[in-house]
Amino acid sequence: MALTGTSPGPKRQKEREARRRYSRRAFFVPSRVARKVPKTLWVSRPFITQEPFEMTKLRNYVCGNWVEGEGVQSTLHNPATGDEICTVSAVGVDRQAALAYLRDIGGPVLRAMTFAERGALLERMSKSIHAHREELMEIGRINCGNTRSDAKFDLDGATGTLMTYARMGKELGDARHLNDGEPTPMGSSSRMQGHHVRMPRQGVAICINAFNFPAWGFGEKAACAILAGVPVLTKPATVTAQLAHRVFEILIEEADVPEGVLALLVGPAGDLLDHVDFQDVVAFTGSAATGSLLRSHPAVLKTGARMNVEADSLNVAVLAGDLDEDAEAFDLFVRDLTTEMRQKAGQKCTATRRVLVPHNLLDSVIERVGEEISRARIGDPADKDVRIGPLAALSARDDTRAALDELLQCTEVVVGDPNAPLPDGAFMAPLVLKATDPDADNAVHNVEVFGPVTTLLPYDGTSEVAARLMRLGKGGLVASFYTDDRAFAEDLINRAAAFSGRIIWGSKKVAGSAPTPGVVWPQFIHGGPGRAGGGEELGGLRGLELFTQRVAVQGYGPVLDRILG
Ligand code: NAP
């Protein structure tokens, strides 16, 4: 199937047909088989597979069984080539029974396990996924349009997060719940005491993920839920469900996951949320629009099921007025900005969308960023020299172009060409725009272009104005600022830190060691106020709060001490 109106030539069609036959499931095969594949079909590494093409249908995993949905709800495509890769259906899958099974079977099993045992489970999950890293990276290329480095970012994010929580479980040892603070005496004698404890919620972690991180999105939620003692039903975004499905399949086959701890729904959620219970947690990641819809779902409102929303964000980077183009912190800023545009073709919730640049540095920024971006080759990640792959699907490209059209109403293009000829497929040209009126509360501060696009906002270089412009984003996941001026840093943190979930200071002191702002560390919280959803995930043991209930237990102190530890 061609992705555009023009049909491919006969040679291209022949190649596609052969690719279909060989590349369908992306399992690696012995080299003797690999040698039989025409050389022209080889990419950076042979991506050939062990069996002739047969369109696979992703299955759901509910009540301890693999279940095929009825018919076909969606067909997934390679976003670079348009090749069909698999079909999806969750029609006829009994969501109510799936949730009940997890509550009744997996919940008690997990709650009976100690933190150390839950941690050991997470370690097995991490290692099983890691053992299939090459195969999964290949699926990431075919299903999500990932370059090799994009695919690593997703997969290593998943395994790293699972392993971090595995270690926390080991450190927590034999306990099964968390204590929250010291016991507090009540009344006139010390006999009566109150303890705060965090108990696992006796429901299901219903994890609904966005399309951009099929592996990490699952891993970050599952790690916290399972360590807390709560079973997980994961619903990946449909367009990139093939990768999420294979990750899940590996876990069921190889990680020795106890019965009832995991379930998978591939395809639209259907009536899933109609069956939530007051002990369930809906952990959602996706667009602000879907987040609002789910937040106001009647069953969520009626039961009071806990809801966490991780939504989109117009993340901001601020270049301070004290720097010049020779400063190390300036180089760091350029590296960060270009990485955030290039990585995952800009499809990261933490990618930088707005960039505050002092008037006197605007030309230097345009020049340096333009140089870096023009060096990044765009195309099918099957070519190992490609640095910017396609967006995850044609539908994603169309949404992103529509958002770009809005943004172009109040910006001018300073790097790149929105009409540049691109390969067939879900490609989008990297662009740097400049806001015509940075102070106006227009699309620049309100519309997320989920692709390799960022907007420069010229300003006077002061922390006061920077904070005012940051606020116009109405709540973000991450803000970064670059300065060697301590007074600027202190003032900006005081004025603007509360507008994001995370704020990162780049300076000459950390220029050699700072990660880019888009990297989410399991040790630090991820989430943000306002349009970012108001949610919070990860952050070490803080990540367990979502899946536990804080309870004040009051009674005879000496015995409570022994019971609660
Ligand atoms: P989306 O369209 O909002 O979808 C997100 C998830 O919600 C998908 O699994 C989708 O399933 C599901 N969904 C849609 N309608 C639903 C309904 N009525 N009931 C239950 N589930 C429903 O977002 P997306 O396009 O996948 O992801 C891109 C967005 O996510 C961007 O805006 C990005 O900024 C944001 N994001 C945020 C974070 C964060 O941590 N804050 C991380 C990554 C991405 P289907 O695919 O089956 O429709």
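A salt bridge here is a side-chain nitrogen of Lys or Arg sitting within 4 Å of a carboxyl oxygen of Asp or Glu. The model is a predicted one, and going by that rule it holds 27 salt bridges. One of them joins the side chains of K57 and E68, with 3.5 Å from N to O. K57 belongs to strand β1 (residues 56-58), while E68 is in the loop between β3 and β4 (74-77), so this bridge ties together parts that are 11 residues apart in sequence. At 22% relative accessibility, K57 comes out as partly exposed, because buried is kept for values under 20%.

Helix α5 is a good place to look next. The helix covers residues 133-144, and 10 of its 12 residues are buried, so the rest of the structure largely encloses it. The buried set is E135, L136, M137, E138, I139, G140, R141, I142, N143 and C144. Charged side chains are part of that set, and two of them pair up: R141 makes a salt bridge with E138, the closest N and O atoms being 2.8 Å apart. These two residues are 3 apart in α5, which means they are separated by about one helical turn. The general rule behind this is that an α-helix has 3.6 residues a turn, so residues three or four places apart point the same way. Both partners are buried, R141 with a relative accessible area of 6% and E138 with 2%. Right after the helix comes G145, whose phi is positive, near 75°.

Another bridge brings together the side chains of E253 and R246, at 3.8 Å from N to O. Its two ends sit in contrasting surroundings: E253 is exposed, with a relative accessible area of 52%, whereas R246 counts as buried at 9%. The pair is also part of something wider, as salt bridges with shared partners join R59, E135, R246, E249 and E253 into one network. E135 of this network is one of the buried residues of α5.

Turning to the rings, the count comes to 9 aromatic pairs. In one of these, W66 and F248 meet edge-to-face, with 6.1 Å centre to centre and 90° between the planes. This pair links distant parts of the chain, since W66 is in strand β3 (residues 65-67) and F248 in helix α8 (residues 241-254), 182 residues apart. W66 is partly exposed, with a relative accessible area of 25%, but F248 is buried at 1%. F213 and W216 form an edge-to-face pair too, 5.6 Å centre to centre and with 70° between the planes. Here both rings belong to buried residues, F213 at 6% relative accessibility and W216 at 9%. As for W66 and F248, they form one aromatic cluster together with Y61.

Two residues other than glycine deserve a look for their backbone. C63 has a positive phi, near 50°, and is placed in the loop between β2 (60-62) and β3. With 26% relative accessibility, C63 is partly exposed. K344 also has a positive phi near 50°, this time in the loop between α11 (328-342) and β15 (352-358). Despite being a lysine, K344 counts as buried, at 3% relative accessibility.

On the surface, a patch of negative charge gathers D322, D324, E325, D326, E328, D363, E367, E371 and D484. Helix α12 (residues 362-375) supplies the largest share of this patch, 3 residues. D484 comes from elsewhere, namely the loop between β19 (476-482) and α15 (486-496), and is partly exposed with a relative accessible area of 30%. There is a nonpolar surface patch as well, about 290 Å² in area and made by Y556, V559 and I563. Within it, V559 is placed in helix α16 (residues 557-564) and is partly exposed, with a relative accessible area of 33%.

Note on methods
Residues are numbered from 1 along each chain as its sequence is written. This is a predicted model: local features need pLDDT of at least 70, side-chain atom pairs count only at pLDDT 80 or more; totals for chains, interfaces and linings use all residues. Side-chain values use heavy atoms; hydrogens and water are left out. Patches are made of residues with over 30% relative accessible area and no salt bridge: like charges are joined within 9 Å, nonpolar side chains (Val, Leu, Ile, Met, Phe, Trp, Tyr) within 5 Å. Accessible areas come from the Shrake-Rupley method with a 1.4 Å probe; for residues, only the protein chains shown count as cover. Lys and Arg count as positive and Asp and Glu as negative; His and the chain ends are not counted. The place of a charge is taken as NZ of Lys, CZ of Arg, CG of Asp or CD of Glu. Helices (H or I, at least four residues) and strands (E, at least two) are DSSP runs, numbered from the N terminus. Buried means under 20% relative accessible area, exposed over 50%, partly exposed in between (1.4 Å probe, protein chains only). Rings of Phe, Tyr and Trp (its six-membered ring) pair if their centres lie within 6.5 Å; planes under 30 degrees apart count as stacked, over 60 as edge-to-face and the rest as tilted.
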